[in-house]
Amino acid sequence: MRDPYAVLGVDKTASADAIKSAFRKLAKKYHPDANPDNAKAKERFAAASLAYEIIGDEEKRKRFDHGEIDAAGNERATYPGGNPFANHEPGFDDLFRRHQRSGAGAGQGFDAEDVLRTMFGGASPMGGGFGGGNDPFEGRSRGPGGFRAQQGKPAAGKDIKVKLSITIDQILADEKVKLALPDGRTVAVKIPAGVKEGQIIRLSGQGEAGPAGHRGNLLAEVTIRPSGAYRVEQGVLVMDVDVPFKLVAEGGKLPVATPTGKIALKIEPWLSAGRSFRMKGRGLPLGSGNHGDLRVDLAVSLDDLTPAQREAVSEILAK
């Protein structure tokens, strides 16, 4: 077990504020929600939490400095006459030390989780600041002084990584998309507002089942497909709209159905080919009622001309 001062990277003469600051930096850097699937980060986070529980509490810090408890919070002292369970069957010595520690009463009211709640907006570490995730203290029971003894936790299954192909129409409809998994299951995926190409959507507990039935997570990588008149270019919703030749020649209003409702574009006479209009707040939903930008690319259409009119236009262009 490493020295808690070394774990937090502080000197033994460090102030309480310096120790707290060092723990906050490490907790933020190695929090499991910020480092999914990173076992090393999870170990560093757990080590920092335990170290802070020891030297972040004034009474425990004194007892550690005086050699009364070790880096894990275990009592170094024994009952008068020694440990009655020493040199007996394996496990009794550990139980004896746990009994000693449970009655020590040191460091009442201290808990590293309290610091994490402050860091993550008053929520518990499993829900605060990083958008949810595994509770780094899950499976640990609280001792009398806030110390948490590590308990066994059933291993979860492996994560499943898949591709999730969605259309722009599905994004605009705000509908759930059915996704078939390699193991034969089908799940409904809610598409978050503001979804982007390559984004990973994480569904907790939808991965492979572990030995005890606990499932890992489902990690779905998003691919956005064009649909209808819509496509996406650098986060901007783009739609192609044909302009009747008569409207190009004479000018007027062109009705266009956008995701946020119908609009009328003002077309000047003899509009230049390839003209585009960009409108704010008319594109893909971003959440909270907001939308991104929409770009309308115009193309001249001859579908409204009669054969005679087309022939006349061809004669003009041939001159």
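**Exercise 1. Find the residue in β15 that stands opposite Val243, then describe the pairing of β15 with its neighbours.**

Step 1. Val243 has Val300 of β15 opposite to it. Helices (H or I, at least four residues) and strands (E, at least two) are DSSP runs, numbered from the N terminus. The model is predicted: local features need pLDDT of at least 70 and side-chain atom pairs count only at pLDDT 80 or more, while totals for chains, interfaces and linings use all residues. Residues are numbered from 1 along each chain as its sequence is written, and side-chain values use heavy atoms, with hydrogens and water left out.

Step 2. Strands β9 (residues 236-244) and β15 (residues 294-301) are paired in the parallel sense, over eight bridges. Two strands pair if DSSP finds at least two bridges between them.

Step 3. β15 also pairs with β12, in the antiparallel sense and over four bridges. Ser276 is opposite Asp297 in β15.

**Exercise 2. Decide whether Ser301 is buried or exposed, and list its contacts beyond four places in sequence.**

Step 1. Ser301 belongs to strand β15.

Step 2. The relative accessible area of Ser301 is 11%, so Ser301 is buried. Buried means under 20% relative accessible area, exposed over 50%, and partly exposed in between (1.4 Å probe, protein chains only).

Step 3. With neighbours within four places in sequence set aside, Ser301 is in contact (heavy atoms within 4.5 Å) with Asp242, Val243, Pro244 and Phe245.

**Exercise 3. Count the aromatic pairs and classify the pair Phe23 and Tyr52 and the pair Phe245 and Trp270.**

Step 1. Rings of Phe, Tyr and Trp (its six-membered ring) pair if their centres lie within 6.5 Å; planes under 30 degrees apart count as stacked, over 60 as edge-to-face and the rest as tilted. The count comes to three aromatic pairs.

Step 2. Phe23 and Tyr52 are stacked, at 4.5 Å centre to centre with 0 degrees between the planes. Phe23 is in helix α2 (residues 16-30) and Tyr52 in helix α3 (residues 39-55), so this pair ties together parts 29 residues apart in sequence. Phe23 is buried at 0% relative accessibility, and Tyr52 is buried with a relative accessible area of 5%.

Step 3. For Phe245 and Trp270 the ring centres are 6.2 Å apart and the planes stand at 80 degrees, so the pair is edge-to-face. Phe245 is in helix α8 (residues 245-250) and Trp270 in the loop between β11 (261-267) and β12 (276-279), 25 residues apart. Phe245 is buried at 18% relative accessibility, whereas Trp270 is exposed at 60%.

**Exercise 4. State how many residues the largest nonpolar core has, and which residues Leu164 touches.**

Step 1. A nonpolar core is a set of buried Ala, Val, Leu, Ile, Met, Phe, Trp, Tyr and Cys residues joined through side-chain atoms within 4.5 Å. The largest one has 38 residues, and Leu164 is among those with the most contacts inside it.

Step 2. Not counting residues up to four places away in sequence, Leu164 touches Val177, Leu179, Val189, Ile191, Ile201, Ala220, Glu221, Val222 and Thr223.

Step 3. Another core, of 21 residues, lies apart from the largest one and includes Ala22, Phe23, Ala41 and Ala51.
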